[in-house]
Amino acid sequence: MRLFKDQFLYFWQMIKVRFLSWLLLTCLFLLVAGGFMRNGRSANIMVFQGLGLAEIRAGIRDFPVSWFGYFFFPLMISLNIFKELWISRVMQLRGQQIKPSHFSWVNVILQLLLAAVYVLASNACLWLKDLLCGNSPLVLGPWQGGAAELHWMLIAWLGVSSLLLIQASCSELTPALGLIMPIVLLVSTSLTAWSCNPLNALMLSRWTSGAELFMFVWTLIWALLYVLVDSKHGWV
């Protein structure tokens, strides 16, 4: 608990300006992408609908800018922050004989927390827009209204978390790769019709029953890979 508290304070001091700036930009972006006018459709549909697999196979190539922007902006908040955090704390951690794996797992928790705040704040903007404009509630499979919103937020949280973990893992090799790899995954997801792509769950048009479990497994795999890669810091 002491390690998490100390690390969180360091993390927040390093990221707060960038976090607040990008979160504000994201909310403004979502309001524009979701539409200001009363159109009867949930703002979530306007932002997260994307292209269905059938549309891709039919040759439609309409790039989902709002969908891409939503999942790209958290990467700009994080960037290479966890490597910077390691550099700023390594001497203190060595003196306290903290295991590198413990440091890495706390970083995983911080990434999950960052994703949670981002998803909650951004989806609150979309919910407020729907409320003020009297739009129809979101429908997601057997769920609608609040239940559908919660299920979608869970999927979005897992999606953002996995992209942050991918970024952090690849940044161990080079900071540029940490930004390029998630972008490549997002772009390829939006323009290809591979049905086994786990990021398909992040589009409402490709949502299927059990998407939450699929995204959980995908995120867990990347959490384990990140800890494995990041724990190689080590010291004598």
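A cavity is taken here as a set of grid points where a 1.4 Å probe fits but cannot get out, and its lining residues are those with an atom within 4 Å of a point. With that in hand, the predicted model can be explored from the inside out. In the lining of the largest cavity, helix α5 gives the most, with three residues. Both α5, which covers residues 81–95, and α7 supply at least two residues each to this lining. The count of cavities of 30 Å³ or more comes to one, and the volume of the largest cavity is about 40 Å³. Around the largest cavity stand S78, L79, N80, I81, F82, K83, A168, S171 and E172. By residue class, this lining divides into four nonpolar, three polar and two charged members.

One lining residue, L79, invites a closer look at its backbone. L79 sits in the loop between α4 and α5, and its phi is positive, near 50°, although the residue is not a glycine. With a relative accessible area of 31%, L79 is partly exposed. Another positive phi, near 65°, belongs to G134, the residue that follows α6.

Two helices lend themselves to a check of length. Helix α6, residues 100–133, has 34 residues and should therefore span 50 Å at 1.5 Å a residue; its end C-alpha atoms are indeed 50 Å apart. Helix α7, residues 146–171, has 26 residues and reaches 37 Å from its first C-alpha to its last, close to the expected 38 Å. Helix α7 is also mostly covered, with 20 of its 26 residues buried. One residue of helix α7 is S169, which counts as buried because its relative accessibility is 7%, and buried means under 20%. Beyond its neighbours within four places in sequence, S169 is in contact with W222, L225, Y226 and V229. Its partners W222, L225, Y226 and V229 fall in the range of α9, residues 211–230.

Helix α6 offers a buried example of its own. L126 is placed in helix α6, and at 0% relative accessibility it counts as buried. Leaving aside neighbours within four places in sequence, L126 is in contact with L30, A43, N44, V47 and F48. Along the chain, L126 and W105 are 21 residues apart, and their C-alpha atoms are separated by 32 Å.

Aromatic rings provide another view of the packing. A search of the whole structure finds 17 aromatic pairs. In the pair of W12 and F19, the ring centres are 5.9 Å apart and the planes meet at 70°, so the arrangement is edge-to-face. The two partners differ in exposure class: W12 counts as partly exposed at 30% relative accessibility, whereas F19 counts as buried at 8%. A tilted pair is formed by W22 and F73, with 5.4 Å from centre to centre and 40° between the planes. Because W22 lies in helix α1, residues 2–34, and F73 in helix α4, residues 65–78, this pair ties together parts that are 51 residues apart in sequence. F73 counts as buried, at 10% relative accessibility. Ring pairs also gather W22, F29, F63, F68, F72 and F73 into a cluster.

F73 reappears in the surroundings of T26. T26 has its place in helix α1 and counts as buried, with a relative accessibility of 0%. Apart from neighbours within four places in sequence, T26 is in contact with F73, Y118 and S122.

A loop residue gives a contrasting setting. S195 lies in the loop between α8, residues 175–191, and α9, residues 211–230. At 48% relative accessibility, S195 counts as partly exposed, since exposed means over 50%. Not counting residues up to four places away in sequence, S195 touches L53, R57 and N200. The C-alpha atoms of S195 and I81 are separated by 33 Å, with their positions 114 residues apart along the chain. I81 is itself one of the residues that line the largest cavity.

How values were computed: Residues numbered from 1 in each chain as written. Predicted model: local features only at pLDDT ≥ 70, side-chain atom pairs only at ≥ 80, totals over all residues. Heavy atoms only, no water. Helix = DSSP H or I, 4+ residues; strand = E, 2+ residues; numbered from the N terminus. Expected span 1.5 Å × (residues − 1). Buried < 20%, exposed > 50% of the residue type's maximum accessible area, 1.4 Å probe, protein only. 1 Å grid on protein atoms, 1.4 Å probe; cavity = no way out; pocket = protein on both sides within 12 Å on 5 of 7 lines; lining within 4 Å. Points joined across faces, edges and corners; volume = space filled by probe spheres on them. Nonpolar A, V, L, I, M, F, W, Y, C, P; charged D, E, K, R; others polar. Phe/Tyr/Trp six-rings, centres within 6.5 Å; stacked < 30°, edge-to-face > 60°. Contact = heavy atoms within 4.5 Å.
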